[in-house]
Amino acid sequence: MTAQYDAIIIGGGHNGLVCGFYLAKAGRRVLILEKRGIVGGAAVTEEFHPGFRNSVASYSVSLLNPKIIREMELERHRLKVVIRPASYFAPALDGGHLLLGRDDKQNIETIRRLSPKDAEAYPAYHERLDRLVDLFRSTLLETPPNLGGGVRDMFSAAMLAKRAHKLGIEGQRDLIDLFGKSAGEILDNWFELDCIKGILGFDAITGAYCSPYTPGSAYVLLHHVFGEVNGVQGAWGHAIGGMGAITQAMAAAVREAGAEIRTDAPVKEVILENDRAAGVVLEDGTPVRAKVVASNIHPQLLYGKLIPEDALDEEFAERIRNWRSGSGVFRMNVALSELPNFTTLPSNGVGIHHKASIMIAPSLDYLDTAYTDARRHGWAKKPVIEMHIPSTIDDTLAPEGQHVASMFCQHFAPELPNGKSWDDHRDEVADLIIDTINDYAPNFKSSVIGRMALSPLDLERKLSLVGGDIFHGQLGVDQLFSARPVLGYADYRGPFKGLYMCGSSAHPGGGVTGLPGHNAAREILRDIGKGRGPQMRAAAL
């Protein structure tokens with residue numbers, strides 16, 4: 001039977017949209033299938049209380065690659081991203097606080113008042129980290145070499161080794177530390193202030209269900225600083241209208257390029273014929289055929305569910321079964337009648353600190369204890385919280401004079417111990433999170449007029465994030481680069497001809513980057529040809 005499409009993409013999250021765009025721009029007939037009624041995956045904006053809207057899961061912009069923004073012309077499709085005017089606000093229960101802005105010199109002076117030693121260490125730390133970030137950035141748009149692959153893989157590995165050599169001996173030592181040591185160990189060596197170590201340590205556990213003292217956790221420090229906003233490297237920003245503004249702009253670009261998007265179209269199975277992916281069957285029984293199939297969903301939802309496990313090589317199937325997922329994330333949005341008034345920095349109206357990342361991560365010990373509590377009891381008794389109040393810079397999200405607050409919280413077990421269910425404890429934990437913030441801003445609890453609370457189980461049900469994992473798989477050393485998702489399959493190709501992986505379980509991993517989708521499209525076009533004519537040449541990746 002003749003294929004109806006050149007490519008079918010399973011999952012309309014941002015990486016699927018990016019992949020579909022590049023394939024369509026190259027003149028290919030593309031169908032993107034999304035099971036929900038809206039595209040965007042974890043990068044969507046929804047109303048959660050009458051008149052109040054916010055990003056549902058992902059909540060901040062930095063990692064979205066500038067090449068993708070430029071080539072998809074997302075700004076023309078009405079995407080506007082603004083840089084947060086302040087970086088971090090860390091209130092303390094003892095009455096102190098740390099407020100870091102966009103001015104590096106001013107930040108150093110702020111730190112100097114608390115610790116001259118840390119004021120000297122802070123820029124040096126970032127300079128050393130930036131050197132490694134540059135190496136990491138150089139791999140983002142590349143296909144990782146497959147272990148045991150051909151000449152192209154050997155050449156890619158040699159080029160990577162050459163780049164690492166250019167770091168010099170000190171940089172190479174830092175690189176080994178990054179992959180072998182814990183974030184806590186590295187931060188303890190650099191700094192003495194608990195508040196500095198707590199803020200920086202949060203980056204190491206963001207989306208990682210681990211202690212900052214877990215060996216290898218230092219890598220996640222790097223993963224969260226390789227981005228940029230509006231040309232400013234390392235900056236974080238807000239998409240006006242929430243994260244859904246990104247994926248709606250992407251969807252407009254995809255349709256303009258000629259691809260078809262179907263929502264409310266869950267896939268039941270991948271059609272395999274003669275050891276090749278030949279299309280999909282929808283849940284309603286409709287077969288849709290294509291030359292290639294690209295999966296933007298979690299590997300455990302693809303292999304073993306859409307593709308039966310007995311069709312897979314046993315060793316590959318075992319690796320997928322053991323793929324580690326689980327971010328330890330509890331995600332909340334709340335509608336507020338007024339802004340939180342922090343005891344340590346009282347304000348009348350919007351203060352600069354309200355526009356920062358508000359961090360409840362007072363020390364590495366606090367982060368470590370939160371993880372230990374979650375492992376033993378199911379959730380942190382004192383949760384780690386990053387709170388944004390995006391309505392202070394985006395008036396599209398809440399009624400005038402009112403606000404929305406977004407809370408990204410850790411640590412919470414993907415599966416509760418002793419047979420307990422998140423359905424029975426969701427509200428209890430949501431109350432705990434609100435009470436924790438209320439300890440720092442005593443008007444907070446009374447100002448909450450509506451809320452959306454998503455446990456790890458809710459994130460899995462609503463957004464297909466297995467174990468609530470925002471990255472489609474943890475970013476451990478054994479699940480990165482040439483080992484993502486499995487050694488021998490890091491080049492975006494699956495174990496069947498015509499099957500590809502274009503989501504966050506492929507290099508370079510999670511976050512709203514668009515890079516797995518971009519890179520997978522390049523490999524698909526390499527295999528099926530880039531097409532003919534000027535339109536196709538313009539789409540070269």
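This section describes a mixed sheet, two hairpins, and the cavities and a pocket of a predicted model.

Seven strands build an open sheet with mixed pairing. Their order is S7-S6-S16-S17-S18-S15-S19. Strand S7 (97–101) lies at one edge and strand S19 (448–454) at the other. Each of these edge strands pairs on one side only. From one strand to the next, the twist averages 20 degrees. Helix H16 (residues 456–463) packs on this sheet. The helix touches S15, S18 and S19. The direction of H16 makes about 75 degrees with that of S19.

Strand S15 (residues 330–336) sits between S18 and S19 in the sheet order. S15 runs antiparallel to strand S18 (residues 403–412), and seven bridges join the two. Two facing positions can be named on this side. Phe330 stands opposite Cys409 in S18, and Arg331 stands opposite Phe408 in S18. On the S19 side, S15 is again antiparallel to its partner, with six bridges between them. Asn333 has Met452 of S19 as its bridge partner.

S15 is mostly covered, with seven of its seven residues buried. The burial extends to both faces of the strand. One side carries Phe330, Met332, Val334 and Leu336. The other side carries Arg331, Asn333 and Ala335. Arg331 is thus a residue that is buried and that faces Phe408 in S18. Asn333 is likewise buried, with Met452 of S19 as its bridge partner.

A further set of pairings involves strands S12, S13 and S14. Strand S12 (residues 267–272) and S13 run antiparallel and are joined by five bridges. Val270 is paired with Val280 of S13 in one bridge. The two strands form a hairpin with four residues between them. In the turn, Asn274 has a positive phi of about 55 degrees.

Strand S13 (residues 277–282) also pairs with strand S14 (residues 287–295). This pairing is antiparallel and spans three bridges. Gly279 has Arg289 of S14 as its bridge partner. S13 and S14 form a hairpin with four residues between the strands. Here Gly285 takes a positive phi near 95 degrees. S13, which pairs with S12 and with S14, is mostly covered: six of its six residues are buried.

Enclosed space was examined next. The model holds two cavities of 30 Å³ or more. The largest cavity has a volume of about 110 Å³. Its lining comprises 17 residues. Nearest the centre of this cavity lie Tyr59, His238, His388, Ile389 and Pro390. Strand S4 (52–55) and strand S10 (237–239) are the elements that each give two or more residues to the lining. By class, that lining has five nonpolar, nine polar and three charged residues.

Open space was also assessed. The second largest pocket has a volume of about 360 Å³. Its lining is made of 15 residues. Those closest to the centre of the pocket are Arg319, Ala483, Pro485, Val486 and Leu487. The lining of this pocket divides into eight nonpolar, two polar and five charged residues.

Conventions. Residues numbered from 1 in each chain as written. Predicted model: local features only at pLDDT ≥ 70, side-chain atom pairs only at ≥ 80, totals over all residues. Heavy atoms only, no water. 1 Å grid on protein atoms, 1.4 Å probe; cavity = no way out; pocket = protein on both sides within 12 Å on 5 of 7 lines; lining within 4 Å. Points joined across faces, edges and corners; volume = space filled by probe spheres on them. Nonpolar A, V, L, I, M, F, W, Y, C, P; charged D, E, K, R; others polar. Pairing = 2+ DSSP bridges. Axes fitted to C-alpha atoms, helices over the stretch in contact; angles between N-to-C directions. Contact = heavy atoms within 4.5 Å. Buried < 20%, exposed > 50% of the residue type's maximum accessible area, 1.4 Å probe, protein only.
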